[in-house]
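This report examines a single protein chain, moving from one residue and its strand to the chain as a whole. The sequence and structure are shown first.

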Amino acid sequence: MKTTIIAKKYSINANEFEDFLTKNNMHYTLGIFGGYDVDGKYVEEYVNQYKLWLQSGGKDSTPENNNFREQSVAKNQHIENTLNGALYSIDGVRGRHIDIFDDKCIITTKVTIGSILTHNATDGSKTIYYADVVGVQFKEPGITIGYLQLETPGLTMNNAASNFFNENSFTFDTTVIATDKMKEIAAFIESKVQEIKHSKAQQQAQAVNTTPFSVADELLKFKQLLDMGAITQEEFDTKKSELLKL
């Protein structure tokens, strides 16, 4: 895809984008009629890295900080955070950040200009344990930003504003993390939720199967039914004989 077309599609400066590709030894070829051609499979990745480059100062950034390709790749790999044990630690948009652990995730929200403009300004953090999650919603970014929402009992669902900005949602777009990586993370959380649900079901089934059978309790139950007139004396005697033979 030509850099001029990429620039138009993603609303970026074509000359600066080409300068970025050259400085960071990206994969491109010189076009027959001028400009650069970029393989389609690299376009989104390179545009995201270019935007990170601009956020870091662009042409005015210092040489030692210009290795943006390696920085971006490391960011999207989400190397394990040894400081707090998080498997993933991701900055989103609208002041959102998420730390993902093996048994829970922590969504942190800070007030930003974007959150103020959208009337969703808040500040704080929420820990959500997978054991409390009843559903996982994932929306890819497109015309709007994307979100990952962990539904818990009592959470208001099916509300557009709530889905994007409630305390159980992490919002993102492709300038901060690749969509495929977020899909991987959503799948990881979903697998943990299902694993816990399956474990709970097994424990409940085991508890039922291992509950001791008490003849005395059963006799008491049928005696109460007899006293209430729910069963006859004959029915009680029959059931009593069956139980005493066990």
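In which strand does H97 lie? H97 belongs to strand 4 of this predicted model.

## Surroundings of H97

H97 is buried, because its relative accessible area of 17% falls under the 20% limit used for that class. Leaving aside residues up to four places away in sequence, H97 touches S89, I90, D91, G92, I106, I107, T108 and F170.

A further relation links H97 to a distant part of the sequence: H97 and T171 are 74 residues apart along the chain, and their C-alpha atoms are separated by 8.4 Å.

## Strand 4 and its two faces

Strand 4 spans residues 96-100 and is mostly covered, with five of its five residues buried. In a regular strand, side chains alternate between the two faces of the sheet. In strand 4, R96, I98 and I100 point one way, whereas H97 and D99 point the other way. All of these residues are buried, the charged R96 and D99 included.

## Pairing with strands 3 and 5

Strand 4 pairs with strand 3 (residues 88-91) in an antiparallel arrangement that comprises four bridges. Within this pair, I90 is placed opposite I98 of strand 4. The hairpin formed by strand 3 and strand 4 has four residues between the strands, and R94 adopts a positive phi near 60° there.

Strand 4 also runs antiparallel to strand 5 (residues 104-109), to which five bridges join it. D99 stands opposite I106 of strand 5. The hairpin connecting strand 4 to strand 5 passes through three residues.

## The second largest pocket

Which residues line the second largest pocket? The lining consists of E44, P141, G142, I143, T144, I145, D173, T174, T175 and T179. By class, these residues divide into three nonpolar, five polar and two charged. The space in this pocket amounts to about 160 Å³.

## The chain as a whole

The chain contains nine helices and nine strands. Of its 246 residues, 35% count as buried. The accessible surface comes to about 14,700 Å², and carbon and sulfur atoms contribute 53% of that surface.

Among contacts with a separation of 6 or more, 48% are between residues 24 or more positions apart.

Conventions:
Residues numbered from 1 in each chain as written. Predicted model: local features only at pLDDT ≥ 70, side-chain atom pairs only at ≥ 80, totals over all residues. Heavy atoms only, no water. Buried < 20%, exposed > 50% of the residue type's maximum accessible area, 1.4 Å probe, protein only. Contact = heavy atoms within 4.5 Å. Areas by Shrake-Rupley, 256 points an atom, 1.4 Å probe, with all protein chains shown as cover. 1 Å grid on protein atoms, 1.4 Å probe; cavity = no way out; pocket = protein on both sides within 12 Å on 5 of 7 lines; lining within 4 Å. Points joined across faces, edges and corners; volume = space filled by probe spheres on them. Pairing = 2+ DSSP bridges.
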